[in-house]
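Grab a pencil and get ready to look around a structure you haven't met before. Try each task yourself before you read its solution.

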Amino acid sequence: MRNLATLLFLGGLVFLLAAITGTLPFGHPPMLVGQAIQQAAKPEVGAANVVTAVVLGYRGLDTLGELAILFAAATAGGLVLGGVQAKGRNNALPAAGFVQRAGTDVLFPLLLIAGLYVVIHGHLTPGGGFQGGVILAAAFFLPLLARPSESLSHIWLSVIEGLAGTAFIALGLGALYNGDAFLTPLFDKGMFGELVSSGSLPLLYLAVGLKVGAELSSLLMRLAHDDGAAS
Amino acid sequence: MMGVAIIVVALTLGAALAVLLLENLLAAIAAASAVSLGVAVMFVLLQAPDVAMTEAVVGAGLSGLILALALRRLGLARLDVPTSGENTDA
């Protein structure tokens, strides 16, 4: 009965969506805002990657909200998973096999470079703080898999996360000081397409990347560590 | 282009089916990551590299990792099928 109801609901949903999309011309979405932003982004923000211009320039406040959501989720995860220091250290797993340890040693610097590249070039090429931050978190998680006894300091991760979040908000408040709206890009736009260009957007993305990386690696570490408690 | 898209969609749907049908939970997680990877390739084909990057990194990498770690915490991470009776506590 419930399956039937679910099927009916899904069918209705598909019908509604089809009815909406059926009225639109195929392949030509009515993107008025998108076209306007694509025209205006280059002279106004100066970022070669229009997505970054939208995410940090026009919709910086939404990005701040996204960071807040991620922060709340990571904090809640940390609360549920409990303290690592209390019981995780004692029953840590022994070191992994040779292949995994050697592979980690090879991959760690490469992932670090890839993550930093994606973060720093967020305003030029696809990618940015969120994606690069996750890559950084993965890079710092690999050594933990290979050698569970050695781990990063939670205190330092929290400090990095807090400083990065503060830097993001401080850059936003700096725009207020100049008389602009909150999170308006600061500084000179520079040469279009250069690494140091489009004002404060690279700095904002660096803050986002560090914050996301620290948050996620802390979360992964909590998940990985006091293991063996339940099994 | 169209052929590649059809192949990718078929692989993604196959992987999605494998998530439902596989009895080994670790293999199911790997299949779920493969679904995200297929979706990421579709995003590249649709010329949305930013979204594709997010999908590949978060969907295929991070969520698979978190699911696998959750399995390990629950004591369900075994390489053999749970019903076979032989449990290697990995």
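Here are four exercises with worked solutions, all on a predicted model.

**Exercise 1. Getting to know chain B**

Work out how many helices and strands chain B has, and how much of chain B is buried.

*Solution.*
- Step 1: Run through the secondary structure. You should find three helices and zero strands in chain B, giving the pattern α-α-α along the sequence.
- Step 2: Turn to burial. Chain B has 90 residues, and 24% of them count as buried.
- Step 3: Check how far apart contact partners sit in the sequence. Among contacts in chain B with a separation of 6 or more, 42% link residues 24 or more positions apart.

**Exercise 2. An odd backbone angle**

Find where B:Q47 sits, and decide whether B:Q47 is buried or exposed.

*Solution.*
- Step 1: Locate the residue. B:Q47 lies in the loop that joins helix 2 (25-45) to helix 3 (49-74) of chain B.
- Step 2: Look at the backbone. Phi of B:Q47 is near 60°, which is positive even though the residue isn't a glycine.
- Step 3: Count neighbours. B:Q47 has 8 other C-beta atoms within 10 Å, and 12 or fewer makes a residue exposed, so B:Q47 is exposed.

**Exercise 3. Helix 4 of chain A**

Test whether the length of helix 4 of chain A agrees with its residue count, then find which residues are buried and where they point.

*Solution.*
- Step 1: Helix 4 of chain A covers residues 60-81, which is 22 residues. At 1.5 Å a residue, the expected span is 32 Å. The end C-alpha atoms are 31 Å apart, so the two agree.
- Step 2: The buried residues of this helix are A:G60, A:T63 and A:L67. Seen down the axis, they fall within an arc of 55°, so they line one face of the helix.
- Step 3: Now flip to the face turned away from that buried side. Exposed residues there include A:L61, A:A68, A:A72 and A:V80.
- Step 4: Ask what covers the buried residues. The cover includes helix 3 (50-58), helix 8 (154-177) and helix 9 (201-224) of chain A.
- Step 5: Look at helix 3 of chain A too. Its buried residues include A:T52, A:V54 and A:L56, and the buried residues of helix 3 pack against helix 2 (32-44), helix 4 and helix 9 of chain A.

**Exercise 4. Where the chains meet**

Count the residues in contact between chains A and B, and sort those of chain B by type.

*Solution.*
- Step 1: Count both sides: 16 residues of chain B are in contact with 15 residues of chain A.
- Step 2: Sort the chain B side that touches chain A, and you get 10 nonpolar, three polar and three charged residues.

Terms used. Residues are numbered from 1 along each chain as its sequence is written. Chains are lettered from A and ligands numbered from 1 in the order in which they are written. This is a predicted model: local features need pLDDT of at least 70, side-chain atom pairs count only at pLDDT 80 or more; totals for chains, interfaces and linings use all residues. Two residues are in contact if their C-beta atoms, placed from the backbone, lie within 7 Å. Ala, Val, Leu, Ile, Met, Phe, Trp, Tyr, Cys and Pro count as nonpolar, Asp, Glu, Lys and Arg as charged, and the others, Gly among them, as polar. Helices (H or I, at least four residues) and strands (E, at least two) are DSSP runs, numbered from the N terminus. The expected span of a helix is 1.5 Å times one less than its number of residues. A residue is buried if 20 or more other C-beta atoms lie within 10 Å of its own, exposed if 12 or fewer, and partly exposed in between; C-beta atoms are placed from the backbone. The arc is that of the directions from the helix axis to the C-beta atoms.
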